[in-house]
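Work through the two exercises below with the model open. Try each task before reading its solution.

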Amino acid sequence: MTAAALWTSAEAEAATGGRSTHPWVASGVSIDSRTLEEGDLFVAIEGLNQDGHAYVKAAFERGAAAAIVRRQPGDLLPGMPLLLVDDTLAALNGLAAAARQRTGAKVIAVTGSVGKTGTKEALRLLLSKQNRTHAAAGSYNNLWGVPLTLARMPIDAVYAVVEIGMNHAGEITPLARLTRPHVAVITTIAPAHLEFFDSVTEIADAKAEIFQGVEPGGVAILNRDSPHFPRLIDCAFMSGVERIESFGRHPDATARLDKAALHAACSCATATFAGEQICYKIGAPGEHWVMNSLAVLLTVRAVGADVGLAALALADLRAPKGRGERHRIAVDGGVATLIDESYNASPIAMRAALAVLAASPPEGRGRRIAVLGDMRELGDRSAELHAGLAADVEAAKVDQVYAAGPLMRALYDALPPRLRRLHMETAAELIANLQADLRPGDVVLVKGSLGSRMGPVVDALCARPVEPAEAD
Ligand SMILES: Nc1ncnc2c1ncn2[C@@H]1O[C@H](COP(=O)(O)OP(=O)(O)OP(=O)(O)O)[C@@H](O)[C@H]1O
Ligand SMILES: [Mg+2]
């Protein structure tokens with residue numbers, strides 16, 4: 001095996017209370033046989049729709065070093081090493097707790113209604129330039145993703161960044177206690193994932209559960225501009241977190257934004273950090289990235305890394321795929337710009353994306369076009385929250401709106417007729433009209449919740465190759 005050992009059978013037995021059929025050494029951990037890498041330990045999770053035990057053989061065929069199982073699958077060959085346990089999710093949690101126990105890393109946990117993955121990726125970018133950094137894959141932030149992230153943590157990591165999310169009250173507490181962060185960041189509190197909550201205050205309380213895991217002497221990093229800030233501080237104190245730092249425009253923020261110049265593809269920020277002014281460029285556009293960058297730099301400082309170097313590295317930040325990534329796309333007669341926001345949508349993220357569209361001037365005869373899909377998980381207030389974006393669409397100087405889905409109908413109907421171009425039940429039904437309509441110089445924003453399937457719209461618009469000379 002070339003990759004470094006992460007778990008031996010003896011360590012995994014001690015961490016899980018299980019029993020190995022053979023000795024083994026694994027270089028990684030996976031719960032998905034499709035993405036498993038050679039040398040990984042496969043954990044057969046019994047999920048809502050799938051039972052991982054059905055994929056143990058496939059995992060070994062892809063090169064798994066061993067598998068954690070509750071029962072021996074019938075289709076296995078003798079010699080395939082198994083770690084037999086009573087409960088595979090509990091075993092994954094056991095590995096996570098042991099990984100947390102043995103690491104010397106400074107551990108950061110990021111939660112919030114939006115911006116968790118973006119903040120986590122920014123921290124990965126900045127901290128990995130300074131020292132060995134482990135960070136969650138993708139948006140792994142739930143009861144499987146958090147223990148998996150911890151179980152994957154290399155022994156020699158110096159920094160670890162864990163994303164923690166939730167849909168219900170009570171979900172963050174066990175994940176935070178497992179993670180035991182030195183630094184807990186709450187990006188912002190907003191109506192997103194509202195389905196199982198009666199109010200945004202309840203969301204704030206649920207996010208505040210993160211403080212219950214913070215290590216003694218640890219730091220909470222909070223949004224000073226949020227109306228929920230006083231409540232979050234109270235929750236932090238009640239959980240024994242005494243060190244609180246904040247970011248925002250508020251004059252008392254530890255990291256205070258003095259000025260932001262928002263351009264089409266980047267921003268420049270001037271901020272005062274604990275009394276010292278710094279100026280830096282953020283290579284992803286939008287005020288929301290400026291705000292996230294303040295939280296990121298406070299976090300960098302809290303884990304003892306170099307803030308100056310980190311601020312310089314923010315220029316290399318790019319909006320991730322589906323969260324603002326920009327493309328030059330071929331259209332009849334030339335090239336247009338596409339902003340891919342197809343991964344996620346909530347009112348606050350929609351406003352942030354529309355503001356980026358507003359700051360992106362079309363070229364020549366081009367227009368601003370918004371292609372909007374349903375914002376999901378908003379519960380009873382869904383129609384009102386969709387329709388409530390009409391003023392933001394107008395303020396963003398949008399020329400045409402294409403809308404998809406039953407929920408987006410509420411916004412479409414609330415728009416002035418001159419902006420309404422087309423509404424369809426599904427995103428796929430918009431594609432042909434949109435492609436025929438686009439012209440050179442247009443700036444097209446495509447945004448919706450993942451489940452609204454705006455991704456295929458982005459794929460269709462990106463499918464035509466752009467001449468290299470025009471690609472920028
Ligand atoms: N501070 C912010 N304010 C408003 N919108 C933001 C902010 N940060 C990120 N966003 C936008 O919110 C959307 C989701 O971003 P991201 O994936 O980072 O959030 P998340 O909290 O990880 O979401 P999820 O709950 O799906 O894991 C993106 O469209 C992103 O551009
Ligand atoms: Mg995420």
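The exercises cover a ligand site and a pocket. This is a predicted model, where local features need pLDDT of at least 70, side-chain atom pairs count only at pLDDT 80 or more, and totals for chains, interfaces and linings use all residues. Residues are numbered from 1 along each chain as its sequence is written, chains are lettered from A and ligands numbered from 1 in the order in which they are written, and side-chain values use heavy atoms, without hydrogens and water.

**Exercise 1.** Find which residues come nearest to ligand 1, and place the ligand relative to the domains.

*Solution.*
1. Start with the shell. It holds 19 residues, and Lys116, Arg323, Glu341, Asn344 and Lys447 come nearest (a heavy atom within 4 Å).
2. Check the polar contacts (N or O pairs within 3.5 Å). An oxygen atom of ligand 1 lies 2.7 Å from a side-chain N or O atom of Lys447. Polar backbone atoms also take part: Gly115 at 2.9 Å and Thr117 at 2.8 Å, each from an oxygen atom of ligand 1.
3. Place the ligand. Domain 2 (103–316) and domain 3 (325–470) both give residues to the shell, so ligand 1 lies between them.

**Exercise 2.** Which domains line the second largest pocket?

*Solution.*
1. Take the residues closest to the centre of this pocket: Ser30, Ile31, Asp32, Thr35 and Tyr140, of 33 lining residues.
2. Sort the lining: 12 nonpolar, 14 polar and seven charged.
3. Assign domains. Domain 1 (7–86) and domain 2 (103–316) both contribute to the lining, so the pocket lies between them.

Methods. A polar contact is a pair of N or O atoms within 3.5 Å; within protein, one must be able to donate a hydrogen and the other to accept it, and residues adjacent in sequence count only if both atoms are side-chain atoms. Domain bounds come from an automatic or database domain assignment. On a 1 Å grid over the protein atoms alone, a cavity is a set of points where a 1.4 Å probe fits but cannot get out, and a pocket is an open set with protein on both sides within 12 Å along at least five of seven lines; lining residues have an atom within 4 Å of a point. Ala, Val, Leu, Ile, Met, Phe, Trp, Tyr, Cys and Pro count as nonpolar, Asp, Glu, Lys and Arg as charged, and the others, Gly among them, as polar.
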